[in-house]
Amino acid sequence: MAETMGGYNKDDLLKQAQNIWTMLDDMAANNPQGYKQFMDKQMKEGKQALAPPNPHMVVKTTMLKPEKDELYINFCSWAKVPGPKTPDDAVPVIGVPIEQMEDRIDRYRMTSVSFNPQVLDKYGRDSSNLTDRDTLINLAMDYIEDQQKVKVSRRYTILDRDTPHKGCLKHIQKSFTSKNKDDKEFESNLENLEKSFGPLGHGGKDKLMEALANISVGDSQSNSSIPKSDQSQIKMPFEEKTATRSNLIEEIASDVVFLRKPEYSMETVDVDSGKCVQVKISLPEVTSVQECELEISQDDVTLLVPDRFELHLQLPHPVDEERATAKFNKKHSSLNITMPWSQ
């Protein structure tokens, strides 16, 4: 069976990518000015396409099942999420798994959802219609319950503006853009094509993937654009009396991979040079530190093992990330991190 990416045959996409690169190569040779204008446009649009989700507001509620706990929902604005094309369409959304988090104050659960910026502009925190805002929040909760198999209380509060997100923003943004092994392999093939035919510039590959997806869908599902006048007047489908709650929100394809949270221990210890934070992470079936992607900042640690594990820890005390060390124990498949306190 042929491998797919986002529902499309990877071999077909690569062939189409090669055809597009060949046409661009011809354009560069025969019409340099046209090629420059085209690439400038791609770079400008590419910067917008590659921008990460931006925090919009935080909703605090309670997760009732499978166990009772505080739940924070980050609502993010992301241009990669399309808006409804017609007033009758469902509202597209991308979500990430619920995580158990802890900071210096307490432990809590956190998840995040991303909507098109126009949707949040009209129905988010500053909505002129509070009923519409409440409906959007409840639809997001419906989505979370369906995807995460949990039960969420419908009693909630929206945090103040000075708290636009809960948790580490970098971690939130990264959780939306984690790629699995197959996607990385596909991107590697695209990079090889770039070496053969020349680079597309910053953001060019994203625009190429969008073009390939539209080609693959075919005429039967063509993405005809909506008139600009309609785009500024998006009407929530749940304003229609005939709408039903089951089809008001739509999950769209994303690169999000549901990863396991590894077992770990974290403690503050005294060493000759002073106090430090030590973290030991158990990583079964991981055989080399090369498989791990580790980021250490003054306040937190993020570990990613593609396709297997992900862990984000809020540190109990600020650390000196420049002096931090990490050692992988092959015998026990564990990663040991030592982080001296910052002075």
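**Cores and sheets in the predicted model**

In the largest nonpolar core, which has 22 residues, the members that touch the most other members are Ile 73, Phe 75, Val 113, Phe 115 and Ile 144. Keep in mind that the model is a predicted one. Several elements chip in with two or more residues each: the strands β3 (54–65), β4 (69–77), β5 (91–95) and β7 (107–115), plus the helices α3 (117–123) and α4 (130–148). Helix α4 is the top contributor, giving 6 residues to this core.

Phe 75 is a handy place to zoom in. Leaving aside residues up to four places away in sequence, Phe 75 touches Asn 54, Pro 55, His 56, Met 57 and Val 59, and its contacts also take in Val 113, Phe 115, Leu 120, Ile 137 and Ala 140. Two of these partners, Val 113 and Phe 115, turned up above among the core members with the most contacts to other members.

Apart from this core lies another one, made of 19 residues, with Cys 292, Val 301, Leu 303 and Leu 315 among them.

Now for the sheets. One is an open sheet of 3 strands, running in the order β13-β14-β15 with antiparallel pairing. Its edges are β13 (293–296) and β15 (309–314), each of which pairs on one side only. From one strand to the next, the twist averages 5 degrees. Helix α5 (residues 169–177) packs on this sheet and touches β13, β14 and β15, with its direction at about 160 degrees to that of β13. Looking at the strands themselves, β13 and β14 (residues 300–305) pair in the antiparallel sense over 4 bridges. Within that pairing, Leu 294 has Leu 303 of β14 as its bridge partner. Leu 303 is also one of the residues in the 19-residue core.

A second open sheet has 4 strands in the order β11-β12-β17-β16, and the pairing is antiparallel here too. The edge strands are β11 and β16 (325–329), each pairing on one side only. The twist in this sheet averages 20 degrees from one strand to the next.

Going through the pairs, β11 (residues 264–271) and β12 (residues 274–282) run antiparallel and are joined by 8 bridges. The link between them is a hairpin of 2 residues. Across this pair, Glu 267 stands opposite Gln 278 in β12. At the other end of the strand order, β16 pairs with β17 (residues 334–340) over 5 bridges, again in the antiparallel sense. Here Lys 327 faces Asn 336 in β17, standing opposite that residue.

Methods
Residues numbered from 1 in each chain as written. Predicted model: local features only at pLDDT ≥ 70, side-chain atom pairs only at ≥ 80, totals over all residues. Heavy atoms only, no water. Pairing = 2+ DSSP bridges. Axes fitted to C-alpha atoms, helices over the stretch in contact; angles between N-to-C directions. Contact = heavy atoms within 4.5 Å. Core = buried A, V, L, I, M, F, W, Y, C linked by side-chain atoms within 4.5 Å. Buried < 20%, exposed > 50% of the residue type's maximum accessible area, 1.4 Å probe, protein only.
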